[in-house]
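This report looks at the cysteines of the structure and then at its nonpolar cores.

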Amino acid sequence: MQLTAEEKQLAVETARRVAASHRPGKGSLIPVLQEIQADLGYVPAVAMQEVAQLLNVPAVDVYAVVTFYNQFRLTPPGRRQVKVCMGTACHMKGGQIILESWERRLNIKVGETTPDREYSLERVACVGCCTMAPVVLVNEEVHAKVTPTRVDGLLFAHQLAKEQVEGGKAIEQGGND
């Protein structure tokens, strides 16, 4: 996924700001990466390069840490983060079928973001809603007893909401002329 010049600049500035509050060396690597992840929602390559230089750590070590721990994302999250619960109850009630439904509808795999950055898809451990299995979270909003048809419905509802927002903006812009 290509980043814009502004996104790259923001990533470098964030890496510099975060690294400045830590001591150089490998001991600071994970906390620095976690703070970058918290600020940006992911750890882009340009931020990893900047962190390597600022902490005096080989770039390959920074990359190894980011790719080893699944808490780190390498791509920006979508505006709508879809999290499919794969805890025991959700798994037994068809969580894998629901996950595959999202993958087919969005044409992405787990850990990826759609090219328009509207959706990202994640598999998560138990979210604590076992009586409502299978469960999906869309931007932390819980959807219970999800079926493949319900996945279609959620996508349709999101599309309608998006069109209403865009239509509202067009009316506002037209009214200001």
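Cys-85 is buried, with a relative accessible area of 2%, where buried means under 20% relative accessible area, exposed over 50% and partly exposed in between (1.4 Å probe, protein chains only). Cys-126, by contrast, counts as partly exposed at 47% relative accessibility. The model is a predicted one, in which local features need pLDDT of at least 70 and side-chain atom pairs count only at pLDDT 80 or more, while totals for chains, interfaces and linings use all residues. Residues are numbered from 1 along each chain as its sequence is written, and side-chain values use heavy atoms, with hydrogens and water left out.

The structure holds 0 disulfides, a disulfide being a pair of cysteine sulfur atoms within 2.5 Å. For two cysteines, the closest cysteine sulfur is too far for a bond, as the table shows.

| Cysteine | Closest cysteine sulfur | Sulfur distance |
|---|---|---|
| Cys-85 | Cys-90 | 3.5 Å |
| Cys-126 | Cys-130 | 3.7 Å |

The largest nonpolar core, meaning a set of buried Ala, Val, Leu, Ile, Met, Phe, Trp, Tyr and Cys residues joined through side-chain atoms within 4.5 Å, has 22 residues, and among those that touch the most other members are Leu-29, Leu-33 and Val-51. Two or more residues each come from helix 1 (5-20), helix 2 (29-40), helix 3 (45-55) and helix 4 (59-68), helices being DSSP runs of H or I with at least four residues, numbered from the N terminus. Apart from this core lies another, of 16 residues, including Met-86 and Trp-102.
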